[in-house]
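Please open the model in your viewer, with the cartoon and the side chains both available, and follow the stops below in order.

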Amino acid sequence: MLIKNILVAVDFNETVGEMLTYAESFAEKFEAKVWLVHVAEPDPDFIGYNVGPQYIRNTKAEEFRQEHRMLQQLCDSFIEKNIASEALLIQGSTVETILEEAKKLKTDMMIVGTHKHGFFYHLFAESVAMEILKQSKIPVFTVPIEE
């Protein structure tokens, strides 16, 4: 199996370093590129939504710039310079956006964090990692996130 592109779905939790350590290890072994992807919340699209005053748009734009800087810092901190890596901040619905981006980037493997929850949590709550596992057409490596 050839792995040339690895997508790491990042949501800025404590295990991001561990996820990136795995990504770096796989990237070194397969000479692959690492894509750090963070999905930011989409703009509200309900009927009657008005873009609002300029200061609100400026505030949101600054939040996105900050999140992208954090992603880039993660890349710089955890991924060796000899490994090709890129940080992407994309707005949208988390699961669908990650899967679409994986397809666009011709990703051969995804790395996601999974929360350790009990039966009742999984019965009533949607887990991004579980949805990705169910819908993905490519291998997904999961890293447990301690609560």
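A crossover is called right-handed if, with the strands pointing away from the viewer, the path from the first strand over the helix to the second runs clockwise. Keep that convention in mind for the first stop in this predicted model, where strand β1 (residues 5–9), helix α1 (residues 16–30) and β2 should be selected together, since they make a right-handed β-α-β unit.

Before zooming in, colour the whole chain by secondary structure: there are five helices and five strands, and along the sequence they follow the pattern β-α-β-α-β-α-β-α-α-β. Of the 147 residues, 38% count as buried, and the exposed surface comes to about 9,200 Å², with carbon and sulfur atoms supplying 55% of it. Among the contacts with a separation of 6 or more, 80% are accounted for by residues 24 or more positions apart.

Next, select strand β2 (residues 33–40) on its own. Seven of its eight residues are buried, so the strand is largely enclosed by the rest of the structure. Add β1, which pairs with β2 in the parallel sense over five bridges, and look for N5, which stands opposite K33 in β2. Then add strand β3 (residues 85–91), which runs parallel to β2 and is joined to it by seven bridges; here V34 stands opposite S85 in β3.

Which residues touch the most other members of the largest nonpolar core? Show I6, V8, V10, L20, V34, L36 and I111 as sticks, for these are the ones that do so among its 22 residues. At least two residues of this core are supplied by each of β1, α1, β2, α2 (54–78) and β4 (109–115), and the largest share, six residues, comes from α1. A second, separate core of 16 residues can be displayed in another colour, and its members include L88, V95, A102 and M110.

Return to V10 and display its surroundings: leaving aside its neighbours within four places in sequence, V10 is in contact with V16, L36, V37, H38, L71 and L74.

For the last stop, select helix α5 (residues 128–135), in which A129, E131 and I132 are buried. Turn the view until you look down the axis of α5: the buried residues fall within an arc of 165°, so they line one face of the helix.

Conventions
Residues are numbered from 1 along each chain as its sequence is written. This is a predicted model: local features need pLDDT of at least 70, side-chain atom pairs count only at pLDDT 80 or more; totals for chains, interfaces and linings use all residues. Side-chain values use heavy atoms; hydrogens and water are left out. Buried means under 20% relative accessible area, exposed over 50%, partly exposed in between (1.4 Å probe, protein chains only). Helices (H or I, at least four residues) and strands (E, at least two) are DSSP runs, numbered from the N terminus. The arc is that of the directions from the helix axis to the C-beta atoms. Contact means heavy atoms within 4.5 Å. Accessible areas come from the Shrake-Rupley method with a 1.4 Å probe; for residues, only the protein chains shown count as cover. Two strands pair if DSSP finds at least two bridges between them. A nonpolar core is a set of buried Ala, Val, Leu, Ile, Met, Phe, Trp, Tyr and Cys residues joined through side-chain atoms within 4.5 Å.
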